[in-house]
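Hi there,

Here is the structure I promised to pass on. Have a look at it first, and my notes follow below.

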Amino acid sequence: MSQSLNSGLNPTICRRLLVAYLIERLPRPNNPALEEVTGWPRRTIQDVIAKGLPGHGTQVAFVQQGVRNNDGYYELKDWGSIDRHWVRSNLVAIAEVLALAPEQIPAPD
């Protein structure tokens, strides 16, 4: 990935791209799973899902499992304006912008 692309990526947008990718990619993408991969606080992840992703037309649903309110996982219903193929192709650059080691992020199928 060229340095010019990395320096042009916005960290706020990169967080949204990565969360959408992880929701699609992780087997049971709940808050603890997303926190483990990213190292971000629960509130940051919740804000991205509740406020950041809808601004791109991205639709995320919470699938309830169990009796407690937070028992369940997120499911990506629609990427909206985000190009999932671009995200998959640029995971290394996204990780660099967010100061994450690329090996922390599950590889695309």
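**Salt bridges and the overall fold**

Let me start with a pair of side chains: Arg 43 and Asp 47 form a salt bridge, with 3.0 Å from N to O. Please keep in mind throughout that this is a predicted model. Both residues sit in helix α4, which covers residues 42–52, and they are 4 residues apart, about one turn of the helix. Arg 43 has a relative accessible area of 47%, so it is partly exposed. Asp 47 is partly exposed as well, because its value is 26%, where partly exposed covers the range between 20% and 50%.

Asp 47 has another partner too. Its side chain also meets that of Lys 51 in a salt bridge, at 3.9 Å from N to O. For your own filters, the cut-off for a salt bridge here is 4 Å. Asp 47 and Lys 51 are again both in helix α4 and 4 residues apart, about one turn of the helix. Lys 51 has a relative accessible area of 60% and is therefore exposed.

Elsewhere, salt bridges with shared partners connect Glu 24, Arg 84 and Arg 88 into one network. Within it, the side chains of Glu 24 and Arg 88 meet at 3.0 Å, N to O. Glu 24 belongs to helix α2 (residues 11–25) and Arg 88 to helix α5 (residues 84–89), so this salt bridge ties together parts that are 64 residues apart in sequence. What is the exposure of Glu 24? It is partly exposed, at a relative accessible area of 28%. Arg 88, at 23% relative accessibility, also counts as partly exposed. Over the whole structure, the search finds 5 salt bridges.

Arg 88 comes up once more when you look at Asp 109. Asp 109 is in the segment after α6 (91–97) and counts as exposed, at 78% relative accessibility. Leaving aside residues up to four places away in sequence, Asp 109 touches Arg 25 and Arg 88. Asp 109 and Arg 25 are 84 residues apart in sequence, and their C-alpha atoms are 8.3 Å apart in space.

Now for the chain as a whole. The protein chain has 6 helices and 2 strands, and along the sequence they follow the pattern α-α-α-α-β-β-α-α. How do its dimensions come out? The C-alpha trace spans about 50 × 25 × 25 Å along its principal axes. A compact globule of 109 residues would have a radius of gyration near 13 Å, and the 14 Å of this chain agrees with that.

On packing, 38% of the 109 residues count as buried. Among contacts between residues at least 6 apart in sequence, 56% join residues at least 24 apart. The chain exposes about 6100 Å², and carbon and sulfur atoms supply 49% of that area.

Finally, if you are setting up charges: there are 11 positive and 11 negative side chains, and the centres of the two sets lie 6 Å apart.

Happy to talk any of this through whenever it suits you.

Best wishes

Definitions and conventions. Residues are numbered from 1 along each chain as its sequence is written. This is a predicted model: local features need pLDDT of at least 70, side-chain atom pairs count only at pLDDT 80 or more; totals for chains, interfaces and linings use all residues. Side-chain values use heavy atoms; hydrogens and water are left out. The radius of gyration is taken over C-alpha atoms; the globule rule is 2.2 Å times the number of residues to the power 0.38. Buried means under 20% relative accessible area, exposed over 50%, partly exposed in between (1.4 Å probe, protein chains only). Contact means heavy atoms within 4.5 Å. Accessible areas come from the Shrake-Rupley method with a 1.4 Å probe; for residues, only the protein chains shown count as cover. Lys and Arg count as positive and Asp and Glu as negative; His and the chain ends are not counted. The place of a charge is taken as NZ of Lys, CZ of Arg, CG of Asp or CD of Glu.
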